[in-house]
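User: Hello! Could you walk me through this chain, one question at a time?

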Amino acid sequence: MGIYAISGSASGMGAATRSRLEAAGNRVIGIDRRDAEVCADLGTAEGRAEAVDAAVDAAGGVLDGAVSAAGLGPPTAGALIARVNYFGSVALLEGLRPALAASGAAQVVQFGSNSSTITPNLPDELVAAYLEGREEDAVAIVGEADPAFAPAVAYAGAKLAVTRWCRRAAVTEPWVGEGVRLNVIAPGPVDTPLLRQGQADEVYGPLMEALPVPVTETPDADALAQWVEFLLSPVARFACGSVFYVDGGTDALIRSDDWPRSFIV
Ligand code: NAI
């Protein structure tokens with residue numbers, strides 16, 4: 001049985017993944033702002049460093065896997081979403097990487113979102129600021145968006161950038177070359193406190209209600225935790241830098257012909 005670090009372990013899909021991994025006999029080191037082995041704020045550089053140090057220490061320097069599920073959604077302020085959802089996720093994964101490599105066959109799942117591909121008009125400069133690690137620039141660009149929609153811009157931009165970061169990193173020597181598989185799960189609406197907070201908001205509630213989801217049943221957190229458990233299992237070791245949409249068909253509906261696509265050489 002293995003040792004896994006899970007951020008966002010106190011709620012929703014992180015908590016559901018924790019329950020599944022523990023029920024299967026694994027040890028979980030939870031990382032969250034509250035109710036976790038490692039209580040730290042992934043929205044700050046100090047908190048991220050504390051989280052990495054404490055989690056690696058608790059694991060004895062070797063991790064069999066990690067799940068990056070900590071996140072905030074609209075209507076939380078866009079700046080905070082940018083700091084936690086992109087910079088917190090990337091700093092955590094980069095910080096845990098040596099301990100993951102030490103196991104020789106680790107597997108990692110990052111939570112993306114279908115918002116990354118179904119949100120129109122995301123500013124390229126925001127995605128670039130995220131990917132280039134320019135945190136204050138990203139926060140400033142989010143601040144220039146229409147205030148009502150800044151949280152959604154920050155959120156979808158962060159999910160697009162973190163997905164791209166994972167795809168870039170996954171195939172490099174420090175990751176695949178060291179036996180670490182890195183993949184992304186991209187859910188649509190899943191019944192968790194994050195979703196419910198958005199649904200209860202006067203701006204985001206109606207927008208979320210209007211989102212077309214071909215599969216009309218909204219899954220619970222455990223349904224997605226089963227996907228994560230699968231992506232952490234040995235049978236998933238040929239997946240590398242893959243993005244798994246589990247979104248009831250919204251991405252297929254809105255972007256049907258955009259991918260897969262060929263390219264010009
Ligand atoms: P949730 O709100 O139930 O759980 C998120 C957890 O992250 C909470 O325990 C929270 O305390 C923690 N967290 C937030 N800010 C933090 C910080 N600064 N430092 C440390 N921990 C922090 O949310 P849910 O829905 O389970 O989300 C999990 C992941 O899935 C997130 O990355 C979210 O963006 C993503 N996602 C969720 C969807 C949904 O419909 N619920 C859809 C697509 C993606």
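User: What is the relative accessibility of Glu37?

Analyst: Happy to help: this is a predicted model, where local features need pLDDT of at least 70, side-chain atom pairs count only at pLDDT 80 or more, and totals for chains, interfaces and linings use all residues. Numbering starts from 1 along each chain as its sequence is written, and side-chain values use heavy atoms, leaving out hydrogens and water. Residues are called buried under 20% relative accessible area, exposed over 50% and partly exposed in between, with a 1.4 Å probe and protein chains only. Glu37 counts as partly exposed because its relative accessibility is 48%.

User: Which residue forms a salt bridge with Glu37?

Analyst: A salt bridge here is a side-chain nitrogen of Lys or Arg within 4 Å of a carboxyl oxygen of Asp or Glu. The closest N and O atoms of the pair with Glu37 are 2.7 Å apart. The partner is buried, with a relative accessible area of 13%. It is Arg18.

User: How far apart in sequence are the parts that Arg18 and Glu37 tie together?

Analyst: Helices (H or I, at least four residues) and strands (E, at least two) are DSSP runs, numbered from the N terminus. Arg18 sits in helix α1 (residues 12–23), while Glu37 belongs to the loop between β2 and β3. The pair therefore ties together parts whose separation in sequence is 19 residues.

User: Which residue meets the side chain of Asp35 in a salt bridge?

Analyst: Asp35 is placed in the loop between β2 and β3, and its phi is near 50°, a positive value in a residue other than glycine. Asp35 counts as exposed because its relative accessibility is 60%. Its partner is partly exposed, with a relative accessible area of 42%. At 3.1 Å from N to O, the side chain that meets Asp35 is that of Arg34.

User: How many salt bridges does a search of the whole structure find?

Analyst: In general, side chains of opposite charge can pair when their charged atoms come close. Another example joins Asp137 and Arg134, with the closest N and O atoms 2.7 Å apart. Arg48, Arg83, Glu135 and Glu136 are linked in a network of these bridges. For the whole structure, the number found is 13.

User: In what order do the strands of the sheet lie?

Analyst: Strands count as paired if DSSP finds at least two bridges between them. Here 7 strands form an open sheet with parallel pairing. β3 (38–39) and β7 (243–246) stand at the edges with a single partner strand each, so one side of each has no neighbour in the sheet. The order is β3-β2-β1-β4-β5-β6-β7.

User: How many residues of strand β6 are buried?

Analyst: β6 spans residues 181–187 and is mostly covered. Arg181, Asn183, Ile185 and Pro187 point one way, Leu182, Val184 and Ala186 point the other way, and all are buried. The count for β6 is 7 of 7.

User: Which residue of β7 stands opposite Ala186?

Analyst: On one side, 5 bridges join β5 (residues 107–111) to β6, with Gln107 opposite Arg181. Between β6 and β7, which run parallel, there are 4 bridges. In β7, the residue opposite Ala186 is Tyr245.

User: What is the radius of gyration of the chain?

Analyst: The chain has 11 helices and 7 strands. The globule rule (2.2 Å times the number of residues to the power 0.38, with the radius taken over C-alpha atoms) gives 18 Å for 265 residues, and the chain is close to this, so it is as compact as a globular protein of that length. The radius of gyration is 17 Å.

User: Which residue follows Pro74 through a cis peptide bond?

Analyst: The omega of this bond is near 15°. The residue in question is placed in the loop between β4 (65–68) and α3 (78–103). There is also a cis bond from Trp259 to Pro260, with omega near 0°. The residue after Pro74 is Pro75.
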